[in-house]
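Student: Could you take a close look at one helix for me, and tell me how it sits against the helices it packs on? I'd like one connected walk-through rather than a list.

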Amino acid sequence: MSRSVRIKDHHHEQQLFERRALAAAIIMAIAVVTIISRLIYLQIVRYDYYVQESQGNRIKIEPIPPNRGLILDRNGQPLATNAPSYQLELTREQVPDLDDTLKRLAALGMFEAEAIPVLRKDIRGRRSFESVPVKLQLTEQELARFAARRYDFPGVEIIPRLTRFYPFGTSSVHATGYVGAISEDDKKLLNIDDYAGTTLTGKTGVERAYEKELHGSAGSQQLLVNAQGRRVASVGRASIDLVRKEPIAGNDLFLTIDHRVQEAAEDALRGQRAVAVAMDPRNGDLLAYVSTPAFDPNLFARGLTRAEYIALTEDPNRPMYDRVIRGVYPPGSTVKPIFAMAALETGVVTAHDSRFCRGIWSSPGYGRARRDWKPAGHGYVDMRKAIATSCDIYFFDIARLMGIDRMAGFVGQFGLGAPTGIDIAGERVGILPSSEWKKRAYKSRKDLQIWFPGDTISVGIGQGQMQVTPVQLVNAISALAAKGKRFQPRLVRAIRDVQTGAVREIPPHELPSVKTSHEEGWEIAQGGMFDVANAPYGTARAAAVGAPYKMAGKSGTAQVFTVAITDRVRKAGELAEHLRDHALFVAFAPFEAPTIVVAIVVENAPGGGSAFAAPIARRILDTYLLTPEELAAQQAREAAKRKGAPAVPAGPLPRGD
């Protein structure tokens with residue numbers, strides 16, 4: 001078998017090689033042309049664009065927080081300002097190991113180790129290039145300690161900032177509120193982009209309610225940085241124009257508070273769990289807004305330690321609790337003038353009908369017998385004298401005649417047991433009892449929905465299930481002083497535009513007036529309150545002695561627990577403090593044309609409203625109605641009189657309602 005021999009075709013192989021070489025040359029040529037074209041496009045056609053982009057790689061945009069608006073009292077006295085401080089800030093993208101850095105900062109004494117989880121969560125919740133504060137308001141010792149170890153903490157800087165400062169400390173804190181670090185809950189409510197560079201936001205009071213006005217708008221500053229992200233003066237020979245957008249400061253707020261009156265009230269209530277609130281009945285302006293004890297809001301502006309926070313929140317006296325709008329108390333006898341008007345309106349009595357008060361009241365179907373605050377009784381009293389002497393027996397009887405629903409229908413017009421609409425958040429409702437209210441309150445328990453006649457009697461003297469807030473009480477008495485005209489209580493009266501300097505007044509918000517078909521009711525109710533402070537039988541006549549103006553008032557003593565008719569009424573000194581009655585007093589002046597109404601509540605006071613709360617109200621009225629010179633002269637006369645008076649015997653103060 002023969003084998004075939006393949007003869008090599010050199011010509012064909014040469015042609016194949018040449019075709020492949022040509023194809024490779026064409027591909028290389030195309031690649032070279034493409035690269036050259038792209039280089040021309042990038043280096044010539046798009047030169048300006050990419051130069052600008054490259055500049056951006058070495059330009060850092062730093063936010064500039066705006067100055068927070070000022071909070072001033074009605075006369076321009078600053079209550080909340082801004083003060084320079086240094087704070088420690090961390091930028092996450094520049095920190096090699098976040099957890100390690102936070103641990104070493106804690107070891108250096110910048111903050112407590114317990115704060116690390118919260119700080120870590122806050123830092124990771126911000127953008128990586130954003131500077132986040134880890135310590136507010138550094139002390140001189142902390143500044144020096146960190147500066148000596150600065151090289152150990154890349155990405156951590158000491159930054160000068162303006163922070164919130166409250167020059168009067170605890171004064172007016174529940175009205176102005178306070179600012180604190182932005183929390184996770186705050187982020188849900190705020191547009192966080194508007195808060196770049198901002199570390200604080202309003203938490204309570206005016207600071208929170210008017211956050212949009214106070215905050216302002218953030219600015220920004222372009223900074224030249226090197227490859228490590230540190231700020232430098234220049235990079236290479238290129239000249240760069242850095243852009244700065246100025247921040248716009250927040251607007252200033254003028255409060256209705258008169259700081260002079262506020263301080264007088266705070267001084268008078270120092271050491272008590274108490275409330276003092278004063279209102280102008282002509283427009284709803286709150287002239288004083290005091291809840292004691294109070295706390296220093298500067299602690300929150302600089303950042304609380306865990307120990308400080310626990311001390312505040314676990315204090316049994318509850319200094320952070322705003323008793324003006326959140327405290328609920330039985331109003332006691334302070335609302336008797338309003339119930340008297342209700343009796344006239346419903347026609348169950350006339351103003352001149354007399355009743356005999358023998359110190360004890362009972363009626364078939366109304367449960368246990370009830371006693372008057374004055375065991376011997378008041379004798380014959382008509383409506384005006386019943387108000388002046390605070391005769392419980394008289395008001396038990398008119399409550400029986402009216403019934404709970406007719407009482408509630410008229411009294412509700414004064415705003416008791418309903419939100420007043422004050423311009424800060426957190427107001428509680430209180431209770432104005434009625435048969436319908438009881439059905440709503442106990443809708444899951446039908447056996448408790450029945451309104452019993454005995455319940456009506458207690459409500460008739462401002463006790464039982466009736467509960468009001470001090471701001472409701474002062475609002476109701478303001479309506480009485482203004483003969484039915486009502487205004488929404490407010491803390492902010494004007495806003496100053498920081499850019500133009502223009503001051504925009506906020507008009508008062510008028511509420512529905514009290515409607516009555518018996519106009520004489522105003523004279524009877526006001527006259528009875530005038531007699532409280534001026535008649536020989538008035539329960540608080542001592543409070544008006546020496547006043548250069550005419551005042552009207554009404555004392556009240558709200559029971560914390562009930563004393564049976566067969567039990568001996570114990571003196572305040574014989575009771576544990578938490579079982580003592582609350583002392584209340586309401587007043588307005590000048591009597592002829594009222595410009596101020598005051599409501600005082602002192603919890604677990606050692607004496608009744610007349611003895612304990614009325615002098616506090618008098619001090620507030622004097623401070624507001626008298627000039628500083630007149631007030632000084634008045635106080636000098638009273639001091640001289642006290643110096644020449646016989647010593648007051650020691651012992652508990654009388655209960656006098």
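**Helix α14 and its partners**

Tutor: Let's start with the pairing of α14 and helix α21 (residues 520–534): they pack at an angle of about 150°, and their axes are 9 Å apart. Keep in mind that this is a predicted model. Since angles over 145 degrees count as roughly antiparallel, α14 and α21 are therefore roughly antiparallel to each other. As for handedness, α14 passes α21 in a right-handed crossing. On the α14 side, the residues making this contact are Pro-337, Met-341 and Leu-344, while α21 brings Glu-520, Gly-521, Trp-522, Ala-525 and Met-529. Sort those residues by class and you get six nonpolar, one polar and one charged. The charged one is Glu-520, and Gly-521 is the polar one.

Now for the other partner. Helix α14 (residues 336–346) also packs with helix α16 (residues 392–402), this time at an angle of about 40°, with the axes 10 Å apart. That angle makes α14 oblique to α16, because the cut-off for roughly parallel is under 35 degrees. Here α14 passes its partner α16 in a left-handed crossing. The α14 residues that meet α16 are Lys-336, Phe-339, Ala-340, Ala-342, Ala-343 and Thr-346, and across from them α16 offers Asp-392, Phe-395, Ile-398 and Met-402. By class, that contact has seven nonpolar, one polar and two charged residues. Lys-336 from α14 and Asp-392 from α16 are the charged ones, and Thr-346 is the polar one.

For something at the level of a single side chain, step away from α14 and go to Arg-618, which lies in helix α22 (residues 609–625). Its relative accessibility is 6%, so Arg-618 counts as buried, the cut-off being under 20%. A polar atom of the Arg-618 side chain lies 2.8 Å from the backbone oxygen of Ala-543. Ala-543 is also among the contacts of Arg-618 once neighbours within four places in sequence are left aside, and the others are Ala-544, Val-545, Gly-546, Ala-547, Tyr-549, Met-551, Gln-634 and Glu-638.

To put all that in context, the protein has 23 helices and 23 strands. Of its 657 residues, 48% are buried. Among contacts with a separation of 6 or more, 74% come from residues 24 or more positions apart.

Note on methods: Residues numbered from 1 in each chain as written. Predicted model: local features only at pLDDT ≥ 70, side-chain atom pairs only at ≥ 80, totals over all residues. Heavy atoms only, no water. Helix = DSSP H or I, 4+ residues; strand = E, 2+ residues; numbered from the N terminus. Buried < 20%, exposed > 50% of the residue type's maximum accessible area, 1.4 Å probe, protein only. Polar contact = N/O pair within 3.5 Å; in protein donor to acceptor, adjacent residues only side chain to side chain. Contact = heavy atoms within 4.5 Å. Axes fitted to C-alpha atoms, helices over the stretch in contact; angles between N-to-C directions. Parallel < 35°, antiparallel > 145°, perpendicular 65-115°, else oblique. Left-handed = near helix turned anticlockwise from the far one by under 90°.
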